Amino acid sequence: MRPPQTALPQTATSQTGSPAGGPPPEVAGEPPLPASARIDLDSERKASQADEVLDALDRDLVGLTPVKTRIREVAALLLIDRVRARFGIATARPNLHMCFTGSPGTGKTTVAVRLAELLHRLGYVRKGHLVSVTRDDLVGQYVGHTAPKTKEVLKRAMGGVLFIDEAYYLYRAENERDYGQEAIEILLQVMENQRDDLVVVLAGYQDRMDSFFTSNPGMSSRIAHHIDFPDYTGPELGSIGRLMLAREGYELAPETEQVFADYLDRRREQPRFANARSVRNALERARLRHADRLLAHGGEVGRDELVLLRPEDFLSSRVFIDT
């Protein structure tokens, strides 16, 4: 059983020298601004350093425009709430518990990591770390085991974001003696009473999450944002592949471009396709064939030979052989 995974935020400092995302001035004891005061939103936005996170999200992920738009809207709301607070305007703390739906490899975990960092910089959570878990991290195998496991995970996640992947596995209607319901009840209580110190993100396939919410209306009522992550198109997968290769110091030879596009089209039609994950796996295998090809040929090599993936590095894949 793997331990819950924790992603730590990057340390950021505002232009004033205090930690980015710190408490609004009135929380720190400063009096509210007079009604006649004016605040430069551009300066506030820059001081929060939220744009750095949003820009990183654009760099990390291809496409996903609706997802990125929602995250930007959340950032805008929290920034405006900070400005309102400086005038002493009472604002209810927004509920930011979310549900991410979509196929594997569509960027849900990456967005959750950036969300945690963004919420920290805007002062919504204390730490900005991400704790990623599955059912096995929350649900015990015998009486009295589930509550301590769930509470320990929640303790670790406080001040940040708790990401529960394949959250529908928490509830197993076919098993009356399943302990997942106990974990759900603890989560519901914390999501309601401590939402000022924790954001919970549930993730999984859309149809299964819909069934989960139907069976657990209390959980559904606590989720404020339902965000769907669509499967990537062929061109988007190609762009993702080229970004991955660039990070590893590889390129596609000109004559390889169409072969790679054909590979992606064929792979998308096969079972267990996982979007960006499948692209990453395909490129890893292509790198293995590339290295084996160079050593088999022997002799001298230059830079081009070391960085260019050629058609044969993909054409020997079973995707081509088995079709």
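In this predicted model, R272 counts as exposed, at 76% relative accessibility. The residue lies in the loop that links helix 11 (257–268) to helix 12 (276–297). Its backbone also deserves a look: phi of R272 is near 60°, a positive value in a residue other than glycine.

A second non-glycine residue with positive phi is L64, where the angle is about 55°. L64 sits in the loop between helix 2 (50–60) and helix 3. With a relative accessible area of 4%, L64 is buried, whereas R272 is exposed at 76%. The cut-offs behind these two words are under 20% for buried and over 50% for exposed.

Helix 11, on one flank of the loop that holds R272, can be checked for its length. At 1.5 Å a residue, its 12 residues should span 16 Å, and the end C-alpha atoms are 17 Å apart, which agrees. The buried residues of helix 11 are V259, F260, Y263, L264 and R267. These residues cover an arc of only 140° around the axis, and therefore lie on the same side of helix 11. Such a pattern has a familiar background: an α-helix has 3.6 residues a turn, so residues three or four places apart point the same way. The cover over the buried residues of helix 11 includes helix 10 (234–248), strand 7 (251–252) and helix 12, together with helix 14 (312–315) and helix 15 (318–321).

Helix 12, which is part of that cover, also contains H290. This histidine counts as buried, at 3% relative accessibility. Leaving aside residues up to four places away in sequence, H290 touches Y250, E305, L306, L308, L309 and D313.

Turning to helix packing, two packed helices are described by the angle between their axes and the distance between the axes. For helix 3 (residues 65–86) and helix 4 (residues 108–121), the angle is about 10° and the axes are 10 Å apart. Angles under 35 degrees count as roughly parallel, and helix 3 and helix 4 are therefore roughly parallel to each other. On the side of helix 3, the contact is made by V67, I71, V74, A75, L78 and R82, which meet V111, L115, L118, L119 and R121 in helix 4. The residues of this contact divide into nine nonpolar, no polar and two charged.

How values were computed: Residues numbered from 1 in each chain as written. Predicted model: local features only at pLDDT ≥ 70, side-chain atom pairs only at ≥ 80, totals over all residues. Heavy atoms only, no water. Axes fitted to C-alpha atoms, helices over the stretch in contact; angles between N-to-C directions. Helix = DSSP H or I, 4+ residues; strand = E, 2+ residues; numbered from the N terminus. Parallel < 35°, antiparallel > 145°, perpendicular 65-115°, else oblique. Contact = heavy atoms within 4.5 Å. Nonpolar A, V, L, I, M, F, W, Y, C, P; charged D, E, K, R; others polar. Buried < 20%, exposed > 50% of the residue type's maximum accessible area, 1.4 Å probe, protein only. Expected span 1.5 Å × (residues − 1). Arc of directions from axis to C-beta.
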